[in-house]
Amino acid sequence: MLNAEFRTILVFNHPTIQPSNLSTVQLFTFIFAPSTTPTIRTIPTIRTIPTIKTIPTMKTVKTPKKLTNILCIGAGYVGGPTMAMIAKKCPDRKVTVVDINAERIAAWQSDALPFYEPGLKEVVAETLGRNLFFSTDIPAAIAEADVVFVAVNTPTKTFGQGAGRAADLQYWEKTAHEIRECATHDLIVVEKSTLPVRTATAMKRVLESGGAHRFEVLSNPEFLAEGTAIADLEKPDRVLVGSDETPTGAAAREAVVDIYAEWVPRDRILTTNVWSSELSKLAANAFLAQRISSVNALTELCERTGADVDEVARAIGRDSRIGPKFLRAGVGFGGSCFKKDILNLVYLCEQRGLTEAAAYWNSVVEMNEHQETRFVAEMVHAMFNTVAGKRIAILGYAFKADTSDTRETPAKVVADLLAEERAQLVVCDPYALPNARKELARHGDLVSFEEDPYTAVEGADAVAVLTDWRQFPELDWARIFARMRKPAFVFDGRNCLDRRELFELGFHVRAIGKAPLSHFA
Ligand SMILES: NC(=O)c1ccc[n+]([C@@H]2O[C@H](COP(=O)([O-])OP(=O)(O)OC[C@H]3O[C@@H](n4cnc5c(N)ncnc54)[C@H](O)[C@@H]3O)[C@@H](O)[C@H]2O)c1
């Protein structure tokens, strides 16, 4: 059998390999360019594909024409901003957000919101008490809701089966029980949290176990990014709503679509079956993280060859098939979602025996971990193989700019590793210091915290920039240099500083994916 590039011979025609050499589930294909020796490529084991059933629709749900009482369970980074935006855009709908965390609910109703997010304060100020309400009375809120969005946390499981990879669905299941027990009529339940594909089946089973009412379970994953949440919610690239493919599923889906259609153009609202919707969210995060790991996978080669990773990223990003976004090399990605969602995808693949797919996605996380640890190794190496007793100012602790969120921040990994090397750390961040204090408390006197960057660098041997806060490049670096001990080092983990300017000021400079600039001969 021939094709344009390779000649492919079916094994059964090959003189040395006979069909008797083959297991029933394995085929071999010989691929060779005209003048080269044949190579053997193994076609993987063919697995049996289970029949996919839709969610059993035992009963049908009567969907109200318009969903006027909207409830969201979970007042976190997703539930709070998303519902505030719905309240803003749909003034004739009542939006209630509930949470078991009374402190968080109180914070939403105060001047000090639970976290920093640009533009959030203004949206909450406009809607709070008008048609946006926060409460801890979950049963009462369920009783009067037409639709319940569930945006509770789904962290990586830390115990038992799937520990370290699977999603911990205990908060989800508790919510499902609570909805069933408190519902006073049929309800639409919308998965807003990021969940393993096929969670809706479990949800439906819990909801319809012995309760008096019927439930339609939809998936409407949230694609906002922290730091740009308000802009993302106001002008989303797309809104995704998945439902069971039955007449009542479609009716419920339309009612939810109508909420978003109040401000999102219809052609940006995608509807799918519920499984595609659940998987699309995991897949989107895996793809985004993969782009970062891909560009980070080039950084060491750049450092050793004189190529500049920013220039390479700009060059490849101009290709319209690749695109310019998410190609910024750095110390690694953080945030509550990327790692947990990829590991969840890995687990879902493993559970189904898809070993190669699992290993492929896992490598995205491994590359990220490598990037964090190698950053510290480079620091130690550059500073004459010891940082013990040296003062290092860490500029930036949040996992990225414009958020106070520190979940999975690379800065914690870097700080932990440097503290293990007995460096004396001073952590500086405009919004994340409360979290940093809690997360680094175990290092005792090795770590201190400082709001003012100029005080943080006083007497420091090195500065490490770990969050791309826009104020850091704007600092007076000559003043910083003057305050530091010499030799003074800068390690730019976000490639946000002008390294040539710093070098001219007298710093020894290392940036990710760029040749080091050193004054040593
Ligand atoms: N943070 C993001 O950028 C982002 C973006 C898209 C999707 N997501 C997904 O959205 C979900 C929520 O993420 P988050 O960052 O908002 O989490 P979060 O931890 O900030 O908020 C979750 C909230 O749910 C509350 N909660 C837990 N169990 C509850 C219960 N039984 N009843 C009432 N409240 C309960 C918690 O107290 C917490 O306040 C996750 O699945 C996440 O993967 C997050």
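A residue counts as buried if 20 or more other C-beta atoms lie within 10 Å of its own, exposed if 12 or fewer, and partly exposed in between, with C-beta atoms placed from the backbone. The model is predicted: local features need pLDDT of at least 70, side-chain atom pairs count only at pLDDT 80 or more, and totals for chains, interfaces and linings use all residues. Residues are numbered from 1 along each chain as its sequence is written.

**Helix 14**

Select residues 410–420, helix 14. Helices (H or I, at least four residues) and strands (E, at least two) are DSSP runs, numbered from the N terminus. Pro-410, Ala-411, Lys-412, Val-413, Val-414, Ala-415 and Leu-418 are buried here. The buried residues pack against helix 13, helix 15 (433–439) and strands including strand 12 and strand 13; contact requires C-beta atoms, placed from the backbone, within 7 Å. Just after the helix, Arg-422 has a positive phi of about 65 degrees.

**The sheet**

Next, show the open sheet of six strands, ordered 14-13-12-15-16-17 with parallel pairing. Two strands pair if DSSP finds at least two bridges between them. Strand 14 (447–449) and strand 17 (508–511) are the edges, each pairing on one side only. From one strand to the next the twist averages 20 degrees.

Zoom in on strand 13 (residues 424–428), which three bridges join to strand 14. Leu-425 stands opposite Val-447 in strand 14.

Now add helix 13 (residues 355–382), which lies across strand 15 (462–465), strand 16 (489–492) and strand 17. Helix 13 runs at about 165 degrees to strand 17; axes are lines fitted to C-alpha atoms, for helices over the stretch in contact, and angles run from 0 to 180 degrees between N-to-C directions. Helix 14 packs on the sheet too, its direction making about 160 degrees with that of strand 13.

**Helix 12**

Move to residues 338–351, helix 12. Its 14 residues reach 20 Å from first C-alpha to last, close to the 20 Å expected at 1.5 Å a residue; the expected span is 1.5 Å times one less than the number of residues. Eleven of the 14 residues are buried, among them Phe-338, Ile-342 and Tyr-347. These buried residues pack against helix 9 (274–296) and helix 13. Gly-353, just after helix 12, takes a positive phi of about 75 degrees.

**The ligand**

Finally, select the ligand and the 26 residues that surround it, a residue being near if its C-beta atom, placed from the backbone, lies within 6 Å. The closest are Gly-74, Gly-76, Tyr-77, Val-78 and Ser-193. Helix 5 (residues 170–182) supplies the largest share of the shell, three residues.

Terms used
Contact = placed C-beta atoms within 7 Å.
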